[in-house]
Amino acid sequence: MTTDDSQIQMVEQQLMRRGITDQRVLDAFRTVPRTAFVPEDLQEFAHEDAPLPIGSGQTISQPYIVAVTLEALQVRETDRVLDIGTGSGYAAALLSQLAKQVFSVERLESLASSARERIEGLGYDNVTILHGDGSLGWPEHAPYDAIAVAAGSPEIPEALFAQLAIGGRLVIPVGSDKSSQTLTRLTRKGPSEFVREQLTAVRFVPLIGAQAWPQAPTDGHASRRI
């Protein structure tokens, strides 16, 4: 089976059969090569429905959970999106196919640097990556129509509330336990009006920062559905 065949099979078996119906999201998964975002020695597993280690105790998330997040964000072609937890850059690349502009923040400098090189090398020219504290967002480019967070937080950071546009959607794993969370969508209806929805149980690496968990995790083999 070729890589292209494996990627098509991933979309059909892991996403479509499990209820992902947004055609723009599905097309993004068909287009962006997941093999380019995993370590070379793990590329044979790139299309499995599981998280994979990418170094520095971090992971590339399970494809299905990434798809659930992107579908819940309801990204439009004119949207400006904030992506928290760049990792290898896979979600940012997928978002680049859905949005006008993507601003991505990564806490670890080594991952931010390698993701930036990877994204530029693949020609995704509407993605900008910052090495910084993701729990504080990226206020310079706010407000955002959509915010995706790929790490678990004990609560939704106030900075992200503030940077979400009216009508904007925020999807984030929330939980008081570092090892398990609930994927949560927040929709901003007005200056101080938000609608909060629980989507599914998940396990992500912790979001480390001034408005999230204060200490680095001891392991990063997470980010899958329970």
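Helices (H or I, at least four residues) and strands (E, at least two) are DSSP runs, numbered from the N terminus. The views below show a predicted model, in which local features need pLDDT of at least 70, side-chain atom pairs count only at pLDDT 80 or more, and totals for chains, interfaces and linings use all residues. Residues are numbered from 1 along each chain as its sequence is written, and side-chain values use heavy atoms, with hydrogens and water left out.

**View 1. The whole chain, with its 6 helices and 10 strands.** Let us start with the overall picture. Along the principal axes, the C-alpha atoms occupy a box of roughly 50 × 35 × 35 Å. The chain has a radius of gyration of 16 Å, which agrees with the value near 17 Å for a compact globule of 226 residues; the radius is taken over C-alpha atoms, and the globule rule is 2.2 Å times the number of residues to the power 0.38. Of the 226 residues, 54% are buried (buried means under 20% relative accessible area, exposed over 50%, partly exposed in between, with a 1.4 Å probe and protein chains only). About 10,000 Å² of the chain is exposed, and carbon and sulfur atoms supply 47% of that area (Shrake-Rupley method with a 1.4 Å probe; for residues, only the protein chains shown count as cover). Among contacts between residues at least 6 apart in sequence, 56% join residues at least 24 apart; contact means heavy atoms within 4.5 Å.

**View 2. Helix H3, largely enclosed by the rest of the structure.** In H3, 10 of the 11 residues are buried, so the rest of the structure largely encloses this helix. Among the buried residues are Pro-63, Tyr-64, Ile-65 and Val-66 towards the start of the list, and Leu-70, Ala-72 and Leu-73 towards its end. An α-helix has 3.6 residues a turn, so residues three or four places apart point the same way. Thr-69 is one of the residues of H3, and its relative accessible area of 9% makes it buried. Beyond its neighbours within four places in sequence, Thr-69 is in contact with Ala-148, Val-171 and Leu-183.

**View 3. Gln-74, the residue that follows H3.** Gln-74 sits in the loop between H3 and E3. Its phi is positive, near 55 degrees, although Gln-74 is a residue other than glycine. Most residues other than glycine have a negative phi, and most peptide bonds are trans. Gln-74 has a relative accessible area of 44% and is therefore partly exposed.

**View 4. Two further backbone details, at Ser-56 and Pro-143.** Ser-56, which is not a glycine, has a positive phi of about 60 degrees. The loop that holds Ser-56 runs between strand E1 (52–55) and E2. With 47% relative accessibility, Ser-56 counts as partly exposed. Elsewhere, Ala-142 and Pro-143 are joined by a cis peptide bond with omega of about 5 degrees. Pro-143 belongs to the loop between strand E5 (127–131) and E6.

**View 5. Ile-147, a buried residue of strand E6.** E6 covers residues 144–149, and Ile-147 lies within this strand. Ile-147 counts as buried because its relative accessibility is 0%. Leaving aside neighbours within four places in sequence, the contacts of Ile-147 include Leu-73, Leu-82, Ile-84, Leu-160 and Val-171. Between Ile-147 and Leu-160, 13 residues apart in sequence, the C-alpha to C-alpha distance is 7.9 Å.

**View 6. The largest cavity, with a volume of about 420 Å³.** A search of the whole structure finds 1 cavity of 30 Å³ or more. On a 1 Å grid over the protein atoms alone, a cavity is a set of points where a 1.4 Å probe fits but cannot get out, and lining residues have an atom within 4 Å of a point. Grid points are joined across faces, edges and corners, and a volume is the space filled by probe spheres set on the points. Of the 33 lining residues, Ile-84, Gly-85, Thr-86, Gly-87 and Ala-150 are the closest to the centre of the largest cavity. Elements giving two or more residues to this lining include helix H3 (63–73), strand E3 (80–84), helix H4 (90–96) and E6. The lining divides into 19 nonpolar, 11 polar and 3 charged residues (Ala, Val, Leu, Ile, Met, Phe, Trp, Tyr, Cys and Pro count as nonpolar, Asp, Glu, Lys and Arg as charged, and the others, Gly among them, as polar).

How values were computed:
On a 1 Å grid over the protein atoms alone, a cavity is a set of points where a 1.4 Å probe fits but cannot get out, and a pocket is an open set with protein on both sides within 12 Å along at least five of seven lines; lining residues have an atom within 4 Å of a point.
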